[in-house]
Amino acid sequence: MYLSAIIGAGFATGREIMTYFACFGYKGLIGLFLSCALIAFCGAKALLIVRECNIEGPHTFNKTVGGAVGGRFLTVCCGLFSYSAYIVVLAGMKQICGGSIMPVIIASVCAYAVLCCGFGTLTKICGICAPCLAGIIAIIVVIGAFCGENTSAEPEYIASPLQMIVKILLYAGYNVLTSVCVLGRSRDILSKKNTAIHGGIIGGMMLFVSGAAVLFGLVYGKIPPNTYEMPVMPLFGKEKAVIEIIVFAAMFLSAITGLTGTCVFFEEYIPEKQLGVYMGLAAIPATYISFGRLMDYVYPVFGFAGIFLMIVLALTGCKKYNIENNKLRGRGKICRIQKITKQKS
């Protein structure tokens with residue numbers, strides 16, 4: 001489930017890996033590892049807080065870790081970024097299909113259907129499909145790198161350590177931010193404390209392994225940075241039908257997660273099903289903006305909000321939340337006892 005919130009259009013097309021890590025060559029593996037370590041830590045910490053504090057939704061989670069003002073800020077950022085990612089995914093699907101609007105409409109209808117079915121349906125779909133797609137993408141990209149002609153000149157890579165540090169934090173930041181839509185609703189599937197810890201760590205590990213495979217394929221295949229909107233496609237030349245199908249499937253899964261993730265953050269203002277209709281219709285005209293341009297401008301902006309969330313998670317322990325929850329439960333118990341006493345009197 002954690003992986004399903006992270007792996008989307010940018011990962012599937014190689015755009016994210018190229019922009020943030022493969023642009024440094026093989027040295028980018030260091031940055032990818034550090035970024036995935038941050039993602040694993042924050043995921044495990046967030047899941048622990050959800051379980052220990054019995055949190056029922058993403059907005060409650062944000063208020064728990066960020067307070068009243070900080071929590072509302074995080075909720076707005078999470079909702080807006082989830083919707084932006086949803087639009088990016090639809091734009092990518094449209095681009096793969098030669099500009100046809102039909103895949104966008106089909107994906108929107110399916111995403112709304114899953115929204116109506118509830119979080120349980122999303123869990124069953126994403127919990128199985130996300131790890132499978134991540135593995136398949138990694139394998140296919142490596143095969144494409146070895147089987148391609150690989151005759152292009154050696155690309156020029158970035159050598160600045162400062163740029164790598166910034167990209168590490170931004171990549172981890174916006175991935176942690178968008179994952180709140182899944183992590184904040186995972187209370188019922190966290191049967192044990194170890195489930196929360198292992199879920200975050202394994203999600204980060206799977207992201208690193210699959211991301212490292214994509215990075216290796218792009219660097220070994222000598223794909224130059226900042227040249228292609230979907231960098232994995234040139235690895236296959238004219239025979240790219242298989243990778244297009246795999247990338248399309250990953251985008252389709254991400255679209256389903258994106259719409260439900262957007263609506264859950266604003267459910268206190270507008271009911272999810274009603275908002276889903278508005279958001280789905282509004283996203284269709286936005287897909288006429290270039291897929292790559294949307295990613296380059298939208299993702300880094302929300303990365304800074306994600307860095308704020310990571311800092312809050314790192315600095316605050318679960319004991320504080322447990323104490324506050326116990327106080328609230330104690331007050332509730334006292335109120336119930338007083339109410340019963342008055343009724344008896």
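Reader: Why is N226 called exposed?
Author: This is a predicted model, and in it N226 has a relative accessible area of 74%. Exposed means over 50%, so N226 makes the cut with its 74%.

Reader: Where is N226, and what is noteworthy about its phi?
Author: You'll find N226 in the loop between α9 (193-220) and α10. Its phi is near 55 degrees, which is a positive value in a residue other than glycine.

Reader: And N54, what makes that one partly exposed?
Author: N54 has a relative accessible area of 39%. Partly exposed covers what lies between the 20% limit for buried and the 50% limit for exposed, so 39% puts N54 in that middle class. N54 sits in the loop between α4 and α5, and its phi, a positive value in a residue other than glycine, is near 55 degrees.

Reader: How do you know that T13 counts as buried?
Author: Buried means under 20%, and T13 comes in at 0% relative accessibility, so buried is the right word. T13 belongs to helix α2 (residues 9-13). If you skip its neighbours within four places in sequence, T13 is in contact with E229, M230, P231, V232, V247, M251 and F291.

Reader: What makes G200 buried?
Author: Its relative accessible area is 0%. With the limit set at under 20%, G200 therefore counts as buried. G200 is part of helix α9, and, not counting residues up to four places away in sequence, G200 touches Y2, A40, G43, A44 and L47. From G200 to T227 you go 27 residues along the sequence and 34 Å through space, C-alpha to C-alpha.

Reader: Which class does V69 get, buried or exposed?
Author: V69 has 70% relative accessibility, so with a limit of over 50% V69 counts as exposed. V69 lies in helix α5 (residues 58-96). A91 is 22 residues from V69 in sequence, and their C-alpha atoms are 33 Å apart in space.

Reader: Why are α4 and α8 called roughly parallel?
Author: Look at the angle: the axes of helix α4 (residues 28-52) and helix α8 (residues 161-183) cross at roughly 30 degrees, coming within 9 Å. Angles under 35 degrees count as roughly parallel, so that is the name for α4 and α8. The crossing of α4 past α8 is right-handed. On the α4 side, the contact includes G28, L34, C42 and V50, and on the α8 side, M164, Y171, N175 and L183 are among the residues involved. Sorted by class, the contact of α4 with α8 has 14 nonpolar, five polar and no charged residues.

Reader: What makes α5 and α12 roughly antiparallel?
Author: The axes of α5 and helix α12 (residues 291-315) come within 10 Å and cross at roughly 160 degrees. Over 145 degrees counts as roughly antiparallel, so α5 and α12 earn that label. Their crossing is left-handed. The contact of α5 with α12 has 22 nonpolar, four polar and no charged residues.

Reader: Why is α8 described as roughly perpendicular to α10?
Author: Their axes cross at roughly 80 degrees and come within 9 Å, where α10 is residues 241-265. Roughly perpendicular runs from 65 to 115 degrees, so α8 and α10 fit that description. V180, C181 and V182 in α8 meet T257, G261, V264 and F265 in α10. That contact has five nonpolar, two polar and no charged residues.

Reader: How many disulfides does a search of the whole structure find?
Author: Zero.

Reader: How do you know that C42 and C36 have no bond between their sulfurs?
Author: A disulfide needs two cysteine sulfur atoms within 2.5 Å. C36 holds the closest cysteine sulfur to that of C42, and the gap is 12 Å, so that is too far for a bond. C42 is also buried, because its relative accessible area is 2%, against a limit of under 20%.

Reader: What about C117, how far is its sulfur from the closest cysteine sulfur?
Author: The distance is 6.9 Å, to the sulfur of C116. Set against the 2.5 Å limit, that is too far for a bond. C117 counts as exposed, because its 54% relative accessibility is over the 50% limit.

Conventions. Residues numbered from 1 in each chain as written. Predicted model: local features only at pLDDT ≥ 70, side-chain atom pairs only at ≥ 80, totals over all residues. Heavy atoms only, no water. Axes fitted to C-alpha atoms, helices over the stretch in contact; angles between N-to-C directions. Helix = DSSP H or I, 4+ residues; strand = E, 2+ residues; numbered from the N terminus. Left-handed = near helix turned anticlockwise from the far one by under 90°. Contact = heavy atoms within 4.5 Å. Nonpolar A, V, L, I, M, F, W, Y, C, P; charged D, E, K, R; others polar. Buried < 20%, exposed > 50% of the residue type's maximum accessible area, 1.4 Å probe, protein only.
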